[in-house]
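This briefing goes through one chain by topic, from single residues to helix packing and back to the chain as a whole. Please keep the structure in view while reading.

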Amino acid sequence: MTYNGLESCILNNQSYENESRTSRADGCASDSLDDDFSSCSSSKDAFGSFSSQWMKKDEQGSDEWELSESPKHFYVKEKPAYAIKFSDVETMKENFAKLLLGEDITGGQKGVSTALALSNAITNLAASVFGELWKLEPLAEERKNKWRREIDWLLSPTNYMVELVPAKQSGANGRTMEIMTPKVRADIHMNLPALQKLDSMLIETLESMVNTEFWYAEVGSRAEGRNKSARESKRWWLPLPQVPKTGLSDTERKKLQCKARVVHQIFKAAKSINENVLLEMPLPSIIKDALPKSGKANLSDDMYKVLTVESTSSVEEMFIALNLKSEHNALEASNGLEAAVFAWKEKITEQASCKSPVRKSWSFIKDPMSEMEKMELLLERAEALIQQIKSKYPNLPQTFLDATKIQYGKDVGHSILEAYSRVLKNLAFSIMCRIGEILQEDILSNPNSPHEVTLCFPGIEVRSASSGGGARQSLTDQMNKAGIGMEN
């Protein structure tokens, strides 16, 4: 599938904002926020179509993507929105010097690879600019310019990444020769324009948070003050949203809901790109050799029993049977399942290529084909369970295998795409959570409102006012459980 959901949601959001300035029309006719999380496509072709749609649209406007014959000119055809100063040049020299040194300032042999250095640089830049984003407000001009300027620097190596493809050339004497011509890497060409578009949309969302009806207090909110003092609250030191005593107006509420839907689609797109890139990144041989060769050995007895019990027919039943009580338990389960999936895939591949010796079984021994079918069934169920865990814990920290792929990765293009999509995914998730807090405060401020809303984010539920004073605390617990933050 293509990201028509994201595109239509953006267009509808823009039309809503235009209408709200004149007629204050109702609604944002976009995709439901609680759509099935599995609607994210895991196909590279889907993202090729998604990015190409954006590029076609941009050809009509000023932000035109241009791909010339020379790989050096793969760029956004517009002037930088920031002015280059002498201090910026010095900062650029310092940053690229650290990258070339592999983060080893001694210049010795302890430096990390270029791929890992770039990945760390993108992650650190996002952390320094956005932090954990506890407020919905426009970025300071200095921080916004820093992000645009330095992310451009860190993405600049992609302008020179090419792959050689065969092509035919006619010579002056009429003969046809086969030559190798440079072409922009397919994954860069498909995913980078999409990520840059998502980046600009997230910045625009923050920039639109002006003249709002909500504000932030540096101490506990009214909801927590009903039962306990601000200092006794678990999050008393963080800014908490405040709304008028009568709650938000209908226009403001609908505006926030529209923005939440758009950001949710951005989150799904960035997450899917990140997962695709991680799938393409090879597992380091040092980790591959260290993993148990048996899929069962990677799983606990209880988890293996969940996969093998025939009574659990659906993925939801298997997830419930796992009885995951915390994010830590979910991460442990994902680590074991991913290692088991890798072991089973390796074994199936060996059998298919006839690399492993074929045993000639006696008549009273199980048919080897049935063992293969059982392995394929376990593999299918394990992969489905991994996706279910990810949908329930959308901002789960990186699994062990994903972290090692990044740590030992040598492909600079993969590292840039993975880090860029990861920080955008985390930023989108933080914005969703902040919107959820405001809507929750609105419900608590005016429980008798006829326009009471119940809005569900993936992994976070904004409960209705009927749940009482514990609603805010339940939302806080769910956000902590989902692992909000930019550090992942």
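Thr176 is exposed in this predicted model, with a relative accessible area of 54%, which lies over the 50% cut-off for that class. This residue belongs to strand S4, and the points below start from its hairpin before turning to the helices, to selected loop residues and to the chain totals.

**The hairpin of S3 and S4**

- Strand S3 (162-170) and strand S4 (residues 176-184) run antiparallel and are joined by nine bridges.
- Thr176 in S4 is the bridge partner of Ser170, and, when residues up to four places away in sequence are not counted, Thr176 touches Lys168, Gln169 and Ser170.
- Five residues lie between the two strands of this hairpin, and Gly174 takes a positive phi near 90° there.

**Packing of H4 against H5**

- Helix H4 (residues 114-130) and H5 pack at an angle of about 175°, their axes being 10 Å apart, and this makes H4 roughly antiparallel to H5, because an angle over 145 degrees is counted in that way.
- On the H4 side the residues that meet H5 are Leu118, Ala121, Ile122, Leu125, Ala126, Ser128, Val129 and Phe130, while on the H5 side they are Arg143, Lys146, Trp147, Glu150, Ile151 and Leu154.
- Sorted by class, this contact of H4 with H5 has ten nonpolar residues, one polar residue and three charged residues.

**Packing of H5 against H15**

- The axes of H5 and helix H15 (residues 412-445) come within 11 Å and cross at roughly 155°, and the two helices are therefore roughly antiparallel to each other.
- From H5, the residues Trp147, Ile151, Leu154 and Leu155 meet Ile416, Tyr420 and Val423 of H15, and by class the contact has seven nonpolar residues, with no polar and no charged ones.
- Trp147, Ile151 and Leu154 of H5 are named in the contact with H15 and also in the contact with H4.

**Pro157, in the loop after H5**

- Pro157 is placed in the loop between helix H5 (141-155) and strand S3 (162-170), and this proline is partly exposed, with a relative accessible area of 24%.
- Leaving aside neighbours within four places in sequence, Pro157 is in contact with Leu118 and Ile416; Leu118 is one of the H4 residues that meet H5, and Ile416 is one of the H15 residues that meet H5.
- Pro157 and Leu118 are 39 residues apart in sequence, and their C-alpha atoms are 9.9 Å apart in space.

**Gly413, in H15**

- Gly413 lies in helix H15 and is buried, with a relative accessible area of 0%.
- The C-alpha atoms of Gly413 and Asp187 are separated by 8.3 Å, although these residues are 226 positions apart along the chain.
- With neighbours within four places in sequence left aside, Gly413 is in contact with Met161, Arg185 and Ile188.

**Positive phi outside glycine**

- Most residues other than glycine have a negative phi, and the two asparagines described next depart from that pattern.
- Asn211 has a positive phi of about 55° although it is not a glycine; Asn211 is found in the loop between helix H6 (186-207) and strand S5 (215-217), and at 80% relative accessibility this residue counts as exposed.
- Asn323 likewise has a positive phi, near 55°, in a residue other than glycine; Asn323 is placed in the loop between helix H11 (315-322) and helix H12 (327-352), and at 49% relative accessibility this residue counts as partly exposed.

**The chain as a whole**

- The chain has 16 helices and eight strands, and buried residues make up 47% of its 488 residues.
- Among the contacts in the chain with a separation of 6 or more, 77% are accounted for by residues 24 or more positions apart.
- The accessible surface of the chain comes to about 25100 Å², and 52% of this surface belongs to carbon and sulfur atoms.

Methods. Residues are numbered from 1 along each chain as its sequence is written. This is a predicted model: local features need pLDDT of at least 70, side-chain atom pairs count only at pLDDT 80 or more; totals for chains, interfaces and linings use all residues. Side-chain values use heavy atoms; hydrogens and water are left out. Helices (H or I, at least four residues) and strands (E, at least two) are DSSP runs, numbered from the N terminus. Buried means under 20% relative accessible area, exposed over 50%, partly exposed in between (1.4 Å probe, protein chains only). Contact means heavy atoms within 4.5 Å. Axes are lines fitted to C-alpha atoms, for helices over the stretch in contact, and angles run from 0 to 180 degrees between N-to-C directions. Angles under 35 degrees count as roughly parallel, over 145 as roughly antiparallel, 65 to 115 as roughly perpendicular and the rest as oblique. Ala, Val, Leu, Ile, Met, Phe, Trp, Tyr, Cys and Pro count as nonpolar, Asp, Glu, Lys and Arg as charged, and the others, Gly among them, as polar. Two strands pair if DSSP finds at least two bridges between them. Accessible areas come from the Shrake-Rupley method with a 1.4 Å probe; for residues, only the protein chains shown count as cover.
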